[in-house]
Amino acid sequence: RYLRTLYLGLQSRWQAEHRRRHFYWRMMFESADISMLRLLETFLKSAPQLVLQLSIMVQQNSIEPLQGLSALASLVSLAWMIASYQKVLRDSREDKMPMSYKGAVVQILWHLFTIAARAIAFALFASVFQLYFGIFIVTHWCIMTFWIIQGETDFCMSKWEEIIYNMVVGIIYIFCWFNVKEGRSRYRMCIYYIITLSENAALTVLWFLYYDRKTTSDFDALILVCVVSSSFALGIFFMFIYYCLLHPNGPMFGPHAGGCIFRQRPAPVPGSPTDAVTSPPRSLPRTTGGERDGAPGERDSCVPVFQVRPCPPPAPTARAPRTEGPVIRIDLPRKKYPAWDAHFIDRRLRKTILALEYASPTTPRLQYRTPGAPQEVLEYETTV
């Protein structure tokens, strides 16, 4: 995958002007897939190693230089990968504002300090209560997995694949917050961090009450407690900095929150019919559930930039015949995609549409299977 992404990136630089866009977006889709796989790999491998290394350091009451460097590398890789995935995911979607490098750095600091506090609290508790620590981890993982399943994610093709995916994401939720559902996330995030704060405090207090006084002095124990609390506080501070100042959609708190591009509906251009069907946009944006169903959502004060254009009523005036182009017929009913930004079907539809756009002078149309008559989508109304 890395070599393929590099090849597509080079092709996007070397090809002619009309072919660069095709290879560029194929490169971005591959890059987002790589970031997702690396994120899962990092939390399945580096996170347990970090807790194990810190627990050994606490039990031995000493830190070897190579051991400390390894633990620091594991911690940085966790924070780096989750911020990197968020940036690459936004860059691969034209309907999302790209994340700035300042925002990515602040996201790294946010996750760095919150994961550090979480891992140190785990290590302290595991150094004294090994069996109870295992019970706690399994319990927390089960609760988080059921919470994710209750959110009705839609990432995989089958129900059981979706459950396995939710179980893997539940492992990420042991250490940090990871949004898996489109829409408002501040309330879910607040609930998660309240639970995390309570667990960190309980684990640290229990360790402070029962730690071995022979190997660890009271001063060192107090320092460790202060490190856990201050690290978590710094992480929450950088989280507020990100959402208040550096979020791509604009400040998420305050009177100007919302991230709207247009505050009022732009006036129509004189002399042009409002229902004229022009060439569909070459970008492939995601249509949110609120825009698709007509229900008020998070951005209901914004003008929807991309939406399904209703079929115009028959007019007495003659219209120029629309140029027929390729039609992608999908043997699936149109589904609602409320959760994930990189759906299995969407990725392959995107690549197919890009290939057909490159080979055909007209933009392809999408046609889904419906219980009644086939329904054609004149403009992109899927998550692609």
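Colleague: Which residue follows H2, and what is the sign of its phi?

Modeller: That residue is Asn61, and its phi is positive, near 55°. Keep in mind as we go that this is a predicted model.

Colleague: Understood. How does the length of H2 compare with what its 44 residues should span?

Modeller: Helix H2 covers residues 17–60. At 1.5 Å a residue, a span of 64 Å is expected for H2, and its end C-alpha atoms are 61 Å apart, so the two values agree.

Colleague: Where does H2 bend, and by how much?

Modeller: Look at Thr42: there H2 bends by about 30°.

Colleague: Now the packing. What describes two packed helices?

Modeller: The general idea is to take the angle between their axes and the distance between the axes. Here, try H2 with helix H3, which is residues 65–91: their axes come within 8 Å and cross at roughly 155°. Angles over 145 degrees count as roughly antiparallel, and H2 and H3 are therefore roughly antiparallel to each other. The crossing of this pair is left-handed.

Colleague: How many nonpolar, polar and charged residues does the contact of H2 with H3 have?

Modeller: The contact between H2 and H3 has 18 nonpolar residues, with 11 polar and 2 charged ones.

Colleague: And on the other side of the sequence, at what angle do H1 and H2 cross?

Modeller: Helix H1 spans residues 2–14, and its axis comes within 8 Å of that of H2, with a crossing of roughly 155°. H1 and H2 are therefore roughly antiparallel to each other, and their crossing is left-handed.

Colleague: Let me try H5 and H6. Is their crossing left-handed or right-handed?

Modeller: Right-handed. Helix H5 (residues 130–150) and helix H6 (residues 159–175) have axes that come within 8 Å and cross at roughly 125°. That angle makes H5 oblique to H6.

Colleague: Last topic: the annotation. Where does UniProt place the feature "transmembrane region"?

Modeller: An unreviewed UniProt entry places it at residues 66–83, 104–125, 131–151, 163–180, 192–210 and 222–243. A useful habit is to check such spans against the model. Over residues 104–125 the chain is 100% helix and 0% strand, with its end C-alpha atoms 31 Å apart.

Colleague: How far apart are the end C-alpha atoms of residues 192–210?

Modeller: They lie 27 Å apart, and this span is likewise 100% helix and 0% strand.

Key. Residues numbered from 1 in each chain as written. Predicted model: local features only at pLDDT ≥ 70, side-chain atom pairs only at ≥ 80, totals over all residues. Heavy atoms only, no water. Axes fitted to C-alpha atoms, helices over the stretch in contact; angles between N-to-C directions. Helix = DSSP H or I, 4+ residues; strand = E, 2+ residues; numbered from the N terminus. Parallel < 35°, antiparallel > 145°, perpendicular 65-115°, else oblique. Left-handed = near helix turned anticlockwise from the far one by under 90°. Nonpolar A, V, L, I, M, F, W, Y, C, P; charged D, E, K, R; others polar. UniProt positions renumbered as here; feature names shortened; annotations may be inferred. Expected span 1.5 Å × (residues − 1). Bend = angle between axes of the 7 residues up to and from the residue.
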